[in-house]
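Subject: Structure for your review

Dear colleague,

Please find below the structure I agreed to pass on to you. My notes on it follow directly after.

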Amino acid sequence: MTTELSTILALIAVVAIVVAGIGVWWINRVPNIERDASETIPLFTGLGHSDVVMTAEPRTLPAPLTRTRSAAAPAPARSSNGALAEGTSSAPAVLTRPTVREFTTTFAPFAPPVRQAPSPLQGTLMPAASRGANAPVVSDAGIPGTMVEGHAVRFSVPCEGTLQFLPGRLEMSSGVDAGRDIRFVQVPGIDGTDITFGRNEGALYRHIQLHDKTVSRQHAVMQWREGRWSLRNLSQTNPVTHNGAILDTRDAPCLQDGDRIEMGEVVFTFRSR
């Protein structure tokens, strides 16, 4: 039994050696060209140290030779049996190599995605240009005008000659809108000379909308009575300041030229003309 096992193992070893030899010959065989010693590919690269170094440089193999005949030399005449006709000679064939196109792959460098600026959140003040400044408007009575968009203020102005302007004006004294003037007009109807202030929208030509979060929805009102302007506080939570004094809802002081009026963080200066 031991002898038979030894014979079987010997046959397996011989077959393995023959297969390995055939594999080495098959891999390192040279078809029609001479192969450089550096191009030899080992059969087993993971069993030990290998002298072959893999590089990223492409290697261009010579194209196989093809026989072509010069265009200037005519093909020799042959008889029906294939032999050359008398008086003709066979032109020598010219060995040429076909053109081999090389293809390369290029990789563009990685570019991180461009992050866009987030859109303004609700309640954030935007520049006047992004609000559509000086947009045309028309009141319910059909009076055309313009909606003026500032940074902290929004108000409407009727077209010239449509309504009567009242004396006095407010000059903004702080922020981006500093120096902007707000004029007042008399609108037909009840309380046509009352000018309201607040964070909410209001009637055209009679309301000054303030975007400041410290301003109440209905904050204050200016009233034209007997040729004078008075100021009254309408808010129970956010104060109205007149020349540094906080107004009570029952107070209604008359305004004088140069008076300072504060509604939240918005500051006005009253001008009598």
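How many bridges join β8 to strand β9, and do the two run parallel or antiparallel? The strands β8 and β9 (residues 207-210) are joined by 3 bridges and run parallel. Within this pairing, Gly 198 has Gln 209 of β9 as its bridge partner. Please bear in mind throughout that the model is predicted.

The open sheet

Strands β8 and β9 belong to an open sheet of 7 strands, whose order is β3-β4-β5-β9-β8-β10-β11 and whose pairing is mixed. At its edges are β3 (135-138) and β11 (228-233), each of which pairs on one side only. From one strand to the next, the twist averages 20°. As general background, strands of a sheet pair through backbone hydrogen bonds, in either a parallel or an antiparallel sense.

On its other side, β8 pairs with strand β10 (residues 220-225). This pairing is antiparallel and extends over 4 bridges; in it, Phe 197 has Ala 220 of β10 as its bridge partner. Strand β8 (residues 194-198) is mostly covered, with 4 of its 5 residues buried.

At the β3 edge, strand β4 (residues 144-149) runs antiparallel to β3, and 4 bridges join the two. Here Pro 136 has Thr 146 of β4 as its bridge partner.

The loop after β5

Cys 159 is placed in the loop between β5 (153-158) and β6 (164-172). Its relative accessibility is 32%, so Cys 159 counts as partly exposed. Apart from neighbours within four places in sequence, Cys 159 is in contact with Pro 144 and Gly 145. The C-alpha atoms of Cys 159 and Val 137 are separated by 9.9 Å, and these two residues are 22 apart along the chain.

Salt bridges

The whole structure contains 9 salt bridges. One of them joins the side chains of Arg 225 and Asp 194, at 3.2 Å from N to O. Because Arg 225 lies in strand β10 and Asp 194 in strand β8, the pair ties together parts that are 31 residues apart in sequence. Asp 194 is buried, with a relative accessible area of 6%, whereas Arg 225 is partly exposed at 38%.

Salt bridges that share partners also join Arg 169, Glu 171, Asp 181 and Arg 271 into one network. In this network, the side chains of Glu 171 and Arg 169 meet at 3.7 Å, N to O. Arg 169 is buried, with a relative accessible area of 18%, which is under the 20% cut-off. Glu 171 has a relative accessible area of 23% and is partly exposed.

Glu 171 also forms a salt bridge with Arg 271, in which the closest N and O atoms are 3.9 Å apart. Since Arg 271 lies in strand β15 (residues 266-271) and Glu 171 in strand β6, this pair ties together parts that are 100 residues apart in sequence. Arg 271 is partly exposed, its relative accessible area being 26%.

The nonpolar patch

Finally, Val 14, Val 18, Ile 22, Trp 25, Trp 26 and Ile 27 make a nonpolar surface patch of about 640 Å². Of these residues, Trp 26 lies in helix α1 (residues 2-27). Trp 26 counts as exposed because its relative accessibility is 53%, and the cut-off for that class is over 50%.

With kind regards

How values were computed:
Residues numbered from 1 in each chain as written. Predicted model: local features only at pLDDT ≥ 70, side-chain atom pairs only at ≥ 80, totals over all residues. Heavy atoms only, no water. Patch = residues over 30% accessible without salt bridge, like charges linked within 9 Å, V, L, I, M, F, W, Y side chains within 5 Å. Areas by Shrake-Rupley, 256 points an atom, 1.4 Å probe, with all protein chains shown as cover. Salt bridge = Lys/Arg side-chain N within 4 Å of Asp/Glu carboxyl O. Buried < 20%, exposed > 50% of the residue type's maximum accessible area, 1.4 Å probe, protein only. Pairing = 2+ DSSP bridges. Axes fitted to C-alpha atoms, helices over the stretch in contact; angles between N-to-C directions. Contact = heavy atoms within 4.5 Å.
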